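User: Please take a close look at one part of this structure, namely the charged side chains and the places where they sit. I would like a single connected account rather than a list.

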Amino acid sequence: LYRGRGRSRADLARELGLSRVTMSDVVGDLVEEGLVVELGTRTASRPGKPATMLDINREGFNIVGLDLSNAGAFVGVVTDLAGTVIERADVDISQAQGDDAVVAVETLLDDLVALARRPVIGVGVGSPGIVDDYGVVLSAPNLDWRNVPLQARLAEACGLPVAVANDANAAVVGEFSFGDGQPDMMLVRIGRGVGSGLMIDGSIVGGARHAAGEIGHVVSGTDDGEPCVCGNRGCLERWLAIPRIEAHLAEPAADRDAVLTEAGRRLGLVLAPIASALNLTEVVLAGPADHISGPLLAAADSTVRDRTLADTHGDMRMRVTELGHDLVVLGAVVLVLQSQLGVA
């Protein structure tokens, strides 16, 4: 029903291989819970009683989605079940770290729940750093978080089901669900740092230590480059993170196209072996459009193509997401749809 409105009980019974009696009972329960609504009867195309059409009650419930990955503020939205944004809110975190940052998340969550116009079925959160399967933020250095049980703490604070995931993983789920994402893709988020989410055959790749897609501290090239906070030199973040790009652009006599082209080339150097090993359908970039579109995107794309075999990887597409700043919050909404309604 979620993917295609306008099915009857008989349609669903045939598609799911259930008897009509069983399907009628299931639909009856969902209607009673308010999750499914009757749309009216289908125009008769054959003799007999016209079928009653069904749909998810898309406007009957709300979901709260949070994005904790921005440098200056935590942001959040209230949506309906279709992902339509109804309300927005944010909270300044320019001085917040450690437990103060967790309190800021709780404050934002309280504000958004208060803004909801319908019953809230759950809360989804995209957090920076490494997040395990239980919503524990194992490490988020920029927020000074280590082993923070964010999912459990927020659930206790608001009394609602909460799902917490890495922000890049939430972003790739958002692109796949509400954007034009393909089942085999990589989504690279470029902002204060650089991270990515990986999806293979429609499933998120988490990795043995929940760190799949952490490409920001992969060394790009063999020419050393600038020293990085991690101790290496020439990490991708030193070329591609937005603060570093802006610092290069601010240098005397800086050539904008040249700076962005070099950043894209360094990204391509890191992406080429990943795209080749995983045989990806596409790589999607997310970040400030004025930085990542144009020369940066073109250089990354051409570098990947120059370094991979055209016969097997030549049709891979590289593009910029069209979901903009809502990418992570919409992915967080999908986390709730998955965990509470089973919509994958």
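Analyst:
**From a loop residue to the charged pairs**

Asparagine 279 is found in the loop that runs between α8 and β15 (282-286). The model is a predicted one. Most residues other than glycine have a negative phi. Asparagine 279 has a positive phi instead, near 50°. Its relative accessible area of 43% falls between the 20% and 50% limits, so asparagine 279 counts as partly exposed.

Helix α8 itself spans residues 256-278, and arginine 266 lies in it. What does the side chain of arginine 266 meet? One partner is aspartate 223, with which arginine 266 forms a salt bridge whose closest N and O atoms are 2.6 Å apart. Aspartate 223 belongs to the loop between β14 (203-204) and α6 (236-240), so this pair ties together parts of the chain that are 43 residues apart in sequence. The two ends of the bridge have unlike surroundings: arginine 266 is buried because its relative accessibility is 3%, under the 20% limit, whereas aspartate 223, at 45%, is partly exposed.

Another partner comes from within the helix. Glutamate 262 and arginine 266 meet in a salt bridge with an N to O distance of 2.8 Å. These two residues are four places apart in helix α8, so about one helical turn separates them. Glutamate 262 has a relative accessibility of 23%, which means that it counts as partly exposed rather than buried.

Arginine 266 also faces an aromatic ring. Its charged end sits over the ring of tryptophan 239, 3.8 Å from the ring centre. The side chain of arginine 266 is thus described by a salt bridge to aspartate 223, a salt bridge to glutamate 262 and a place over tryptophan 239.

An arginine over a ring is also found elsewhere: arginine 58 lies over the face of tyrosine 2, at 5.2 Å from the ring centre. Pairs between aromatic rings are another matter, and the structure holds zero of them.

Arginine 58 leads on to a charged residue without a bridge. Aspartate 80 is placed in the loop between β5 (73-79) and β6 (85-92). Which side chain of opposite charge is nearest to aspartate 80? It is arginine 58, at 7.9 Å. A salt bridge needs a distance within 4 Å, so arginine 58 does not form one with aspartate 80. Aspartate 80 is buried all the same. A polar atom of the aspartate 80 side chain does lie 3.0 Å from the backbone nitrogen of threonine 84. Beyond four places in sequence, aspartate 80 is in contact with Arg58, Glu59, Phe61, Asn62 and Ile86.

Now the salt bridges as a whole: the search of the structure gives 19. One of them joins arginine 319 and glutamate 175, with 2.9 Å from N to O. The pair links distant parts of the chain, since arginine 319 is in strand β16 (residues 317-320) and glutamate 175 in helix α5 (residues 167-178), 144 residues apart. Are the two ends of this bridge buried or exposed? Arginine 319 is buried, with a relative accessible area of 11%, and glutamate 175 is buried too, at 1%. Both belong to a network of salt bridges that links Glu175, Asp180, Glu282, Arg317 and Arg319.

Two further aspartates can be placed beside these. Aspartate 144 lies in the loop between β9 (137-140) and β10 (145-148). Its phi is near 55°, again a positive value in a residue other than glycine. With a relative accessible area of 54%, over the 50% limit, aspartate 144 is exposed. Aspartate 29 is part of helix α2 (residues 20-32) and is partly exposed, with a relative accessible area of 45%.

In short, arginine 266 in helix α8 is buried and bridged to both aspartate 223 and glutamate 262. Arginine 319 and glutamate 175 are bridged to each other. Aspartate 80 is buried with no salt bridge, and its side chain has a polar atom 3.0 Å from the backbone nitrogen of threonine 84.

Technical notes
Residues are numbered from 1 along each chain as its sequence is written. This is a predicted model: local features need pLDDT of at least 70, side-chain atom pairs count only at pLDDT 80 or more; totals for chains, interfaces and linings use all residues. Side-chain values use heavy atoms; hydrogens and water are left out. Rings of Phe, Tyr and Trp (its six-membered ring) pair if their centres lie within 6.5 Å; planes under 30 degrees apart count as stacked, over 60 as edge-to-face and the rest as tilted. A charge sits over a ring if NZ of Lys or CZ of Arg is within 6 Å of the ring centre and within 35 degrees of the ring normal. Buried means under 20% relative accessible area, exposed over 50%, partly exposed in between (1.4 Å probe, protein chains only). Lys and Arg count as positive and Asp and Glu as negative; His and the chain ends are not counted. A polar contact is a pair of N or O atoms within 3.5 Å; within protein, one must be able to donate a hydrogen and the other to accept it, and residues adjacent in sequence count only if both atoms are side-chain atoms. Contact means heavy atoms within 4.5 Å.
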